[in-house]
Amino acid sequence: MPSSKASATGDGSLEAFVKGVVGEDKLRVEEDLGHGFVRLKSSEAERRQAAQDIRCSEDVVIEMLRNARDAGAANVFLAVGREGAMRSIVVVDDGAGIPPDMHERVFQPRVTSKLDSAKLDKWGIHGRGMALYSIAANASFAQVQRSLPGLGASIKVRTDTASLPERADQSTFPTFEKTDTGYSMRGPRNILRTAVEFAFEHRKTLSVYCGTETEIVATLFEHGTDTLPASRRLFGGAGEDVPLTQALATSCDEFELVQAADALGLGISARSARRVLDGEIAPVASLMDRLQAESFPDRAASPYAGKGGRGSGVDSFPARAHVRAPRISREDIDALERDMLAAFEGVAEKYYLDAVRPKARQRGSKLVVEFDVVEKNS
């Protein structure tokens, strides 16, 4: 009996029942054309297309980057990591965002927001509604971590490299080299090169940042600190109207930073979060800035000099990927806090506030001082 077959497999689903009656092939074939030819059902064709579209970790990365680009992102933050055979990929962007009721549906086949704007680029057609479906079909885990319309999106994917391979060398950063015919990018076609090629292709419209999860947390924190008004960072909290790429900057301590990063799919320890807040973990440069610094420290030698670009370093051509500020000693910070408390006492007296010693901390190239504005007890 078909029902006993389904029970024997431990699967009492309708699908198992149907398989037991008609066989596996009937679920995959729409029409037997004879001579060994068949017409596949659309579901089977989609499944095979998904397997064809995504054949390695690098394919996952390029599809996620293209997805962020098509959402109108100006800044894309790519966090990658690997533990054993498991590869983790997180993309946080400041694009159009995804409504909550679409967080699961975007991983279904043929679901797209680009009805009239499918894009043909060097990686093929994008806009068929198959990119996220193909990723989910080949990944161990794929999820919209957090997203709201107008506030960007954070998408996390985990893959098993035993079944979805990747380049063995994932540490080498690509470079440009001069050839007889111009310039050529060199290096293994790993995740870094995939992201750099994408960043170079779109250098006039967006910036891409790539690093470990901890480095991307530091980069998002600095990005938010630079772009979110100080009043909002100190008093407003993250709220539901703060773009995801700025949200980490509203964290007041390491515990809030851990929680805010986790909401984006970025795992970080409290100790590392403390180091981010204290500026001990430097943010990463954009991939275009890094490419410029490592391949063309001399501005005149750059093959893309003078072309301009949005936040990609192609206007200013910094000679360094990141400015490293000297560390201010704890003793000097303590002295600064005491001096600023003395200066604050007059303001505190005027507004009937407690004159509480401020907290000063160094965050990379910034020295941040925070005062608690608290009324005196009556």
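**Strands, helix pairs and a loop in a predicted model**

Let me begin with one pair of residues: Ser 88 stands opposite Arg 158 in strand S8, where strands, like helices, are DSSP runs numbered from the N terminus (E and at least two residues for strands, H or I and at least four residues for helices). Before going on, I should say that this is a predicted model, in which local features need pLDDT of at least 70 and side-chain atom pairs count only at pLDDT 80 or more, while totals for chains, interfaces and linings use all residues. Residues are numbered from 1 along each chain as its sequence is written, and side-chain values use heavy atoms, with hydrogens and water left out.

Staying with S8, residues 153-160, this strand pairs with S4, residues 86-93, in the antiparallel sense over eight bridges; two strands are said to pair if DSSP finds at least two bridges between them. In general, strands of a sheet pair through backbone hydrogen bonds, either parallel or antiparallel. Strand S7, residues 141-147, is also joined to S8, by six bridges, and these two run antiparallel. Arg 158 appears here again, as the bridge partner of Phe 141, and Val 144 stands opposite Ile 155 in S8. S7 and S8 form a hairpin with five residues between them, and in the turn Gly 150 has a positive phi of about 85°.

Which strands make up the open sheet, and in what order? There are five, in the order S7-S8-S4-S3-S11, and their pairing is mixed. S7 and S11, the latter being residues 207-211, stand at the edges with a single partner strand each, so one side of each is left without a neighbour in the sheet. From one strand to the next the twist averages 15°. As for S8, six of its eight residues are buried, so the strand is largely enclosed by the rest of the structure; buried means under 20% relative accessible area, exposed means over 50%, and partly exposed lies in between, with a 1.4 Å probe and protein chains only.

Helix H6, residues 131-138, is another enclosed element: six of its eight residues are buried, so H6 too is largely enclosed by the rest of the structure. The buried residues in H6 are Ala 131, Leu 132, Tyr 133, Ser 134, Ile 135 and Asn 138.

Turning to helix packing, H7 (residues 191-201) and H13 (residues 287-295) pack at an angle of about 100°, with their axes 9 Å apart; axes are lines fitted to C-alpha atoms, for helices over the stretch in contact, and angles run from 0 to 180 degrees between N-to-C directions. H7 and H13 are therefore roughly perpendicular to each other, a term used for 65 to 115 degrees, with under 35 counted as roughly parallel, over 145 as roughly antiparallel and the rest as oblique. On the H7 side the contact (heavy atoms within 4.5 Å) is made by Leu 192, Ala 195, Val 196, Ala 199 and Phe 200, and on the H13 side by Leu 287, Met 288, Arg 290 and Leu 291. These residues divide into eight nonpolar, no polar and one charged, where Ala, Val, Leu, Ile, Met, Phe, Trp, Tyr, Cys and Pro count as nonpolar, Asp, Glu, Lys and Arg as charged, and the others, Gly among them, as polar.

A second pair is formed by H11 (residues 254-263) and H12 (residues 270-277), which pack at an angle of about 105° with axes 8 Å apart, and which are therefore roughly perpendicular to each other. Here Glu 254, Phe 255, Leu 257 and Val 258 in H11 meet Ala 270, Ala 273, Arg 274, Val 276 and Leu 277 in H12, and by class that contact has seven nonpolar, no polar and two charged residues.

Now to the loop between helix H14 (330-350) and strand S12 (359-363), where Pro 358 lies. Is Pro 358 buried or exposed? At 2% relative accessibility, Pro 358 counts as buried. Leaving aside neighbours within four places in sequence, Pro 358 is in contact with Glu 337, Met 340, Leu 341, Val 369, Glu 370 and Phe 371. Tyr 352 is found in the loop between H14 and S12, and Tyr 352 is partly exposed, with a relative accessible area of 48%. Although Tyr 352 is not a glycine, this residue has a positive phi of about 55°.

To finish with the whole chain, the secondary structure comes to 14 helices and 13 strands, and 42% of the 378 residues count as buried.
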